[in-house]
Amino acid sequence: LTGLPLPPLSGLLDLPQGSRVETYREGAAATVAVIGMPDGHRVLRVDGRFTMGGTASAAAERRHAHLPLLLHPGPRRVLLLGTGTGITSGAILAHLGLTGDTVELVPEIAEALPAFASESAFEHWPGRLELRQADARRFVTTATNRYDVVVADLFHPGRDGAGGLYTVEHFAALKSRLAPGGICCQWLPLYQLNERTLRCIVRSYLAVFPEAHAFLLRLDVDTPVLGLIASTSPLRYPADWLARRGQAPEL
């Protein structure tokens, strides 16, 4: 089949009007593109149709890390599953003395990280954040480190294999990686889940963490995101906890 003409990238990616492909990579597991939007923002697109974050949503992506980190009284080490644009992972740099690991399955996504360095501070990760290229489930079951906070980012339920990241077995593995008093946060894209699937995921999480809490990432009726958050011990907070934890100048 050599010599056959290939379709243009614009046809494969269904680009918004006025946008452009800044980088494009084809891998064994996925195709990955960084799309420059007409307003100057950039988005990460996987397999032509899954948008995996971008600079326009940077504030929300940082909250994926900030909220669970602020709920812990003094985190020292964090594990982030699903690197994507790196904006969520880069948020840990605002927490003094915090180090961690960020895990990404698709190597082409990891190669695209420099495209989002303006929001992720990618160049400052060395010494604070270690990028691990691995399957999240396998990494969690084979790792020996203990973490004060584990953050499982949004896993699109329509992608092959994503269901395994919402199982009782995987949540139990996350719990085994927690240090005493550690916090586990699983973010859920409510706008991509029907009620039956949501109930199934919540039941699985509660089977491992029976005293879990639910937090909205932010007030957003278009793309609401829910965080299931629990600890190795019951979570109890005074009403002003987050306000006081957020008083640090660097935050």
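Select helix 2 in this predicted model and colour its buried residues: Ala58, Ala60, Glu61, His64, Ala65, His66, Leu67, Pro68, Leu69, Leu70 and Leu71. That is 11 of the 14 residues of the helix, so helix 2 is largely enclosed by the rest of the structure. The helix covers residues 58–71. From its first C-alpha to its last, helix 2 reaches 20 Å, close to the 20 Å expected at 1.5 Å a residue.

Now centre on His64. Helix 2 has a kink of about 35 degrees at this residue. The proline Pro68 follows shortly after the kink. Both His64 and Pro68 are among the buried residues of the helix.

**Thr88**

Keep helix 2 displayed and add Thr88, which sits in helix 3 (residues 87–90). Is Thr88 buried or exposed? Its relative accessibility is 4%, so Thr88 counts as buried. Show its contacts beyond the neighbours within four places in sequence: Glu61, Arg62, His64, Ala65, Leu80 and Asp153. His64, the site of the kink in helix 2, is therefore one of the residues that Thr88, buried at 4%, has in contact.

**The largest pocket**

Switch to a pocket or surface display. Rolling a probe the size of a water molecule over the atoms shows where empty space is left. The largest pocket holds about 1,100 Å³ of space. Its lining is made up of 49 residues. To find the centre, select Thr51, Met52, Leu154, Phe155 and His156, which lie nearest to that point.

Which elements give two or more residues to the lining? They are strand 4 (50–54), helix 2, helix 3, strand 6 and helix 6 (136–142). Strand 4 supplies the largest share of the lining, with 5 residues. Helix 2, already on screen with its 11 buried residues, is thus also one of the contributors to the pocket lining.

**Gly158**

From the pocket, move to Gly158, in the loop between strand 8 (147–152) and helix 7 (168–176). Gly158 is partly exposed, at a relative accessible area of 45%. Draw a distance from its C-alpha to that of Thr51: the two are 12 Å apart in space and 107 residues apart in sequence. Thr51 is one of the residues nearest the centre of the largest pocket.

**Gln186**

Next, select Gln186 in strand 9 (residues 178–189). Gln186 counts as buried, with a relative accessibility of 0%. Its C-alpha lies 4.8 Å from that of Ala152, although the two are 34 residues apart in sequence. Leaving aside neighbours within four places in sequence, the contacts of Gln186 are Ala152, Asp153, Phe155, Leu165, Tyr166, Phe171, Tyr205, Leu226, Gly227 and Leu228. Two names in that list have come up before. Asp153 is also in contact with Thr88, and Phe155 is among the residues nearest the centre of the largest pocket.

**Salt bridges**

Turn on the charged side chains. How many salt bridges does the model contain? The count comes to 10. Three of the pairs are visited here.

Begin with Arg77 and Asp101, whose side chains meet at 3.1 Å, N to O. The pair links distant parts of the chain, with Arg77 in strand 5 (residues 77–81) and Asp101 in strand 6 (residues 99–104), 24 residues apart. Arg77 is partly exposed at 25% relative accessibility, whereas Asp101 is buried at 0%.

Go on to Arg137 and Asp135, which form a salt bridge at 3.5 Å, N to O. Arg137 has a relative accessible area of 32% and is partly exposed. Asp135, at 23%, is partly exposed as well.

Then select Glu211 and Arg236, a salt bridge at 3.4 Å, N to O. Glu211 lies in the loop between helix 8 (195–208) and strand 10 (213–216), and Arg236 in the loop between strand 11 (225–231) and helix 9 (241–245), so the pair ties together parts 25 residues apart in sequence. Glu211 is partly exposed at 42%, while Arg236 is exposed at 61%. To see salt bridges that share partners, add Arg132 to Arg77 and Asp101: these residues are joined into one network.

**Ala121**

The last stop is Ala121, in the loop between helix 5 (117–120) and strand 7 (129–133). Check its backbone torsion: phi is near 55 degrees, a positive value in a residue other than glycine.

Methods
Residues are numbered from 1 along each chain as its sequence is written. This is a predicted model: local features need pLDDT of at least 70, side-chain atom pairs count only at pLDDT 80 or more; totals for chains, interfaces and linings use all residues. Side-chain values use heavy atoms; hydrogens and water are left out. A salt bridge is a side-chain nitrogen of Lys or Arg within 4 Å of a carboxyl oxygen of Asp or Glu. Helices (H or I, at least four residues) and strands (E, at least two) are DSSP runs, numbered from the N terminus. Buried means under 20% relative accessible area, exposed over 50%, partly exposed in between (1.4 Å probe, protein chains only). The expected span of a helix is 1.5 Å times one less than its number of residues. The bend at a residue is the angle between axes fitted to the seven residues ending there and the seven starting there. Contact means heavy atoms within 4.5 Å. On a 1 Å grid over the protein atoms alone, a cavity is a set of points where a 1.4 Å probe fits but cannot get out, and a pocket is an open set with protein on both sides within 12 Å along at least five of seven lines; lining residues have an atom within 4 Å of a point. Grid points are joined across faces, edges and corners, and a volume is the space filled by probe spheres set on the points.
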